[in-house]
Amino acid sequence: MAAFVIRRLVWLPILLFFVSVITFALGLYGPGDPVQVMLGMHANPETIERLRHEYGFDQPFYIQYLNYVANALQGNFGYSLVKYRDQPVGVLIAEKLPATIQLNLVAILLGCAIGVPLGLVAGLKRDTWLDLVVRGIVVAGISFPIIFLNPVLTFIFSRRHEFTLAATNFTFSIGPFLPMVQGHWDGLFSPKIILPAFIESLGVIAVLTRQMRAGMIEVLSEDYIRTARAKGLRERVVVVRHAMRNALIPIATILGLMLGGLVAGSFLVENWFDVPGVGQLAFDALISRDYYVIMALTLLIAVAYILANLFVDVLYGFLDPRIRQS
Amino acid sequence: MSNSSETGNRWLLGIVVILVVALFGAICLGAAAVFMLTQAGSPAAPALGATAAPGRTSVVPTRAPATSGKKVLRLPGGSGGGGDPPTLDPALAGDAESAVYVAEIFSGLVTLDPNLKVQPDIAEKWDISEDRKTLTFYLRKEVKFQDGRPVTAQDFKYTIERAANPATASPTADTYLGDIVGVKDKLNRKAAEVSGVQVIDDYTLKITIDQPKAYFLAKLTFPTAYVVDKNNVERGGRTWTDRPNGTGPFKLKEYVRSQRIVLAKNENYYLEPKPQVDEVQFILGGGSFMTLYENGDLDSTRVFISDIERVSDPSSPLNKELFVGPELSTQFVVFNTRKPPFDDPKVRQAFALAIDRQKVVDVVFQKMPLVANSILPPGMPGYTEPGGKPPYDLAKAKQLLAESKYAGKLPDITWTTVGAGGAAAQDIQAMTAMIKDALGVNISIQQTDWATFIGQLNDPSRNPYQIFDIGWIADYADPQNFVEILFRTGSTQNWSAYSNPEADKILDQAGLEKDTATRFKLYQQVEQMILADFPVMPLTYSRQYWLTKPYVKGMIYPPMIIPRLKYVSLEK
């Protein structure tokens, strides 16, 4: 197992090399450049030339890349060029990462808490009305675009609703039920996290429900379940001890992979709910061609996914002896 | 058999338990970290908190500051849309979002009043030499930086030298200070010092420019010329603006990126009126300012098109809190005169006549902007009311197209617009449909992102777009900023690649003209020449819509960035 892990870790720098070269090249050779965005409509050829020179963008690709790598290896991931001019990229990411991790954690937990039981019920009551309802909810949940849910849920839960009783002067208001961020992100234990985390969790719920349902259906048709029932075990024991446990294995794998996604922010949810996270940073960096921010975020997310994959592979080794032996 | 399956199940159970424990462990760790950080950020521990150092950029999510007894004005960030300012450095701020804060924290020799007239600021008065190339500024003696150090002429010299230093990488030094003798040489590393700025004594500064330019003084009202403190800049390193030491009516109290910017009043401010509110809190982000405003959590908010119908309805209570004002900007449909078929003025005119601008404004924009029929927007010095409505004449459009050299062999047209995929903006869809219907032209829409778009536009000699839409917002209140910058032969912002030697000649003449009224007449003359040639079709004059609570007094929404928060008071 140790050899396996080491072999996989050796791949890490190689993968990172490819990821970084491709991202760097896309940034450099893709359309638009940060100097143009910085200058906006006030550009003139002289200024563009001068700033490109100051930032070293007029040097050949390999020199720019090697400079970047040399600096990165010393922990300097460059400075923001456009959106947060002259702020070190490391500082920016360190500032934004906590909110994104908090949001994603709550979203994954909500997803588990809702998705697993839903899938379990749907699988057990396959092809009954209950199954149909669950599947309907799941399809609806992922089909509503986030861009639609954001304003609608905000309107319902975060706004003061005023009512005037007809024919009287009696006015009353209810809400807001959930506070908005208002420039103060308060972390995990604040009601401010509920709405964005719920919307983020819809995808998780969909994946987990479907996986859990499929898993239950598959496991319930296995021979050992028939055997267990034939032995006269109570149905509850069959379901909980024999079926559910096995159906949870792929769920564990999915959750393992999701750990990699903890550091990846969501453009739509973070921007709408003012969550000061990586998603906002990435969005701003992408539209303004803030090279170094994009590079660092891509590398961070790549590393997170590579490690999460490794974690899942190791986990599989434990779960499946055939992989362990090979 | 039951034995081996039991072992397998135990394994699985173990894994699941480990996973769950790990997940909970991670949550607890995260929670503990957040708890500690929020504790550290609360006022009880000033070492890390918001109250520690003025202008501290905090990584820590702090709790809402106590506002008891203080007069706090709560606004949406930037020019109303939220978001972080790209920079707070006057030498780097070229965009409206940054300038909103820079104009409050810093100040310069001259400023604009709410009527956009140039007024004395740190300079109490100035003389202009006989040849109109030398300006001598006399500084007020009572002006201090926010840390108490007096401002002298040396500070202005340092400010201009710094902005012109190529290592500063100022995007605006060329445009706003480039008229000063020696600035361009220093930017291009041909000189070590800006020869056109001389310190006569502590409170007298002489600036020499390359030619007489009536609009130069207006350029000095832009942030690039705002005075900065050498100690502050040099000791603060690259991120010195985390703790800026300015001279403006407000100082930076707190900046938590993507969350909020808090300005506090500068007790040492030297001009009247002095700031009347204690603090101004800007909420960054920007998901749902309207909801915050309606909940009473913001004192003023900008209204965007999705809420226009609601606030414009006279029976809505919000309508009484509505302010509508000009923005000094004109939106254009631009014809690239270098690209067929728009090299033929008749084709350009035909396209312009085929578009019903009034309908676009009424239906698509819900009357939010005004229909444009001139290059200069209303409110701009030199603007004259155009005679009559914008022309819309389908018969004439068809006739012009038939007379053009592309009659019967019009190539396919692509309209380029900034967009993020999906459906293009509705106004573009409407206008292309009008052209297609009226002229039978095969026209399609191509969307591109802003970075690509602006990159192509900034090189007019190679701009590949045939027809596109773009707006221009005034940098300084002078017609030259529109008429010359956008239409002079060879100007980078001459997007239509328009070239009219006769117009260029009059522009030269206008630049040298002493008398303002005559000068404006010359610009108007050029404007008429341009409009007759149709390199662009003026589409709309933008307007800004704001809601403000009745207890906020003195709030102004000038169409340009000026220090405006000192006029505001709260009566509640």
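The domains spoken of here have bounds that come from an automatic or database domain assignment, and they are read in a model that is predicted. By that assignment, chain A is divided into domain 1, which covers residues 2–73, and domain 2, which covers residues 91–325. Taking the C-alpha centres of the two, domain 1 of chain A and domain 2 of chain A lie 33 Å apart.

The two domains of chain A are also in contact, and this contact takes 14 residues from domain 1 and 14 residues from domain 2. On the side of domain 1 of chain A that touches domain 2, the elements that give two or more residues are helix H1 (2–29) and helix H2 of chain A. Of the residues on that side, H1(A) gives the most, with ten residues. Sorted by class, this side of domain 1 has eight nonpolar, four polar and two charged residues.

From the contact within chain A, the reader can turn to the contact between the chains, where 64 residues of chain A meet 58 residues of chain B. Several helices of chain A give two or more residues to the side that touches chain B, namely H2 (34–39), H3 (45–54), H5 (89–124), H10 (235–261), H11 (267–273), H12 (278–287) and H13 (291–319). The one that gives the most to this side is H3(A), with seven residues. By class, the side of chain A that touches chain B has 33 nonpolar residues, together with 17 polar and 14 charged ones.

Helix H2 of chain A appears in both accounts, since it is listed for the side of domain 1 that touches domain 2 and also for the side of chain A that touches chain B.

Conventions
Residues are numbered from 1 along each chain as its sequence is written. Chains are lettered from A and ligands numbered from 1 in the order in which they are written. This is a predicted model: local features need pLDDT of at least 70, side-chain atom pairs count only at pLDDT 80 or more; totals for chains, interfaces and linings use all residues. Two residues are in contact if their C-beta atoms, placed from the backbone, lie within 7 Å. Helices (H or I, at least four residues) and strands (E, at least two) are DSSP runs, numbered from the N terminus. Ala, Val, Leu, Ile, Met, Phe, Trp, Tyr, Cys and Pro count as nonpolar, Asp, Glu, Lys and Arg as charged, and the others, Gly among them, as polar.
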